[in-house]
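Got your viewer open? Here's a short tour of side-chain pairs, one selection at a time.

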Amino acid sequence: TYRNDGLLGFWRGLSAFLPRVVAFSGVQLTTYDAAKAVWSRALGLPEGVRLHLLSSVVAAILAVTAMQPFDFVAARLMNQKTVGGVPTLYRGPMECLAKVVATEGPAALYKGASANYCRMCPYTVLTFVFYEQLKLLYAASAGAMYA
């Protein structure tokens, strides 16, 4: 990359990668709490690991669904060939998005989604289960300090 594109080659695709992170994190964090409330009310699940597992799976599925088009565009931008540091297929994320939808259809934006589900679901589940367990440990230790 450096040999062909120089120092700026390391940041190719950043304009598409940042929205990917924003979409994933924003949806993941908001849907986890919403899913927890829905599962708790609808199924009567008490606060605990089962509730955290179910809620985090829902959050992961929705977050990957929101992130996938950005991830697809970022991958296309980062992997395209360049000549003298100039991209040969797409000048930016919007052009990439427009060309892909026009030539391959909107469903093409979800190519690779199953791999992202397999990768991000365990990550999200572990993140929220550990988070909830650490909250309990902290609350217990804080309570013991002030008792």
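Start by selecting Arg 91: is Arg 91 buried or exposed? Arg 91 counts as exposed, at 76% relative accessibility. Keep in mind as you look around that this is a predicted model.

Stay on Arg 91 and add Glu 95 to the selection. These two form a salt bridge, and the closest N and O atoms are 3.5 Å apart. A search of the whole structure turns up eight salt bridges, so let's visit a couple of others.

Next, pick Arg 76 and Glu 104. Their side chains meet in a salt bridge at 3.0 Å, N to O. This pair ties together distant parts of the chain: Arg 76 belongs to helix H3 (residues 49-79) and Glu 104 to helix H4 (residues 93-104), with their positions 28 residues apart. Arg 76 is partly exposed at 24% relative accessibility, and Glu 104 is partly exposed too, at 33%.

Now move to helix H5 and select Lys 135 with Glu 132. Here's another salt bridge, 3.4 Å from N to O. The two are three residues apart in helix H5, so about one helical turn separates them. Try colouring by accessibility: Glu 132 is buried, with a relative accessible area of 3%, while Lys 135 is partly exposed at 39%. Then add Lys 36 and Glu 47, and you'll have a network of salt bridges linking Lys 36, Glu 47, Glu 132 and Lys 135.

Time for some rings. How many aromatic pairs are there? The count comes to two.

For one of them, select Phe 24 and Tyr 123. The ring centres sit 6.4 Å apart and the planes are at 40°, so this pair is tilted. It connects distant parts of the chain, as Phe 24 lies in helix H2 (residues 14-43) and Tyr 123 in helix H5 (residues 113-146), 99 residues apart. Phe 24 is buried, at 6% relative accessibility, whereas Tyr 123 is partly exposed, at 43%.

Then select Tyr 32 and Phe 128. This aromatic pair is stacked, with 3.9 Å from centre to centre and 5° between the planes. Tyr 32 is in helix H2 and Phe 128 in helix H5, 96 residues apart, which makes this a link between distant parts of the chain. What about accessibility? Tyr 32 counts as buried because its relative accessibility is 1%, under the 20% cut-off. Phe 128 is buried as well, with a relative accessible area of 6%.

How values were computed
Residues are numbered from 1 along each chain as its sequence is written. This is a predicted model: local features need pLDDT of at least 70, side-chain atom pairs count only at pLDDT 80 or more; totals for chains, interfaces and linings use all residues. Side-chain values use heavy atoms; hydrogens and water are left out. Rings of Phe, Tyr and Trp (its six-membered ring) pair if their centres lie within 6.5 Å; planes under 30 degrees apart count as stacked, over 60 as edge-to-face and the rest as tilted. Helices (H or I, at least four residues) and strands (E, at least two) are DSSP runs, numbered from the N terminus. Buried means under 20% relative accessible area, exposed over 50%, partly exposed in between (1.4 Å probe, protein chains only). A salt bridge is a side-chain nitrogen of Lys or Arg within 4 Å of a carboxyl oxygen of Asp or Glu.
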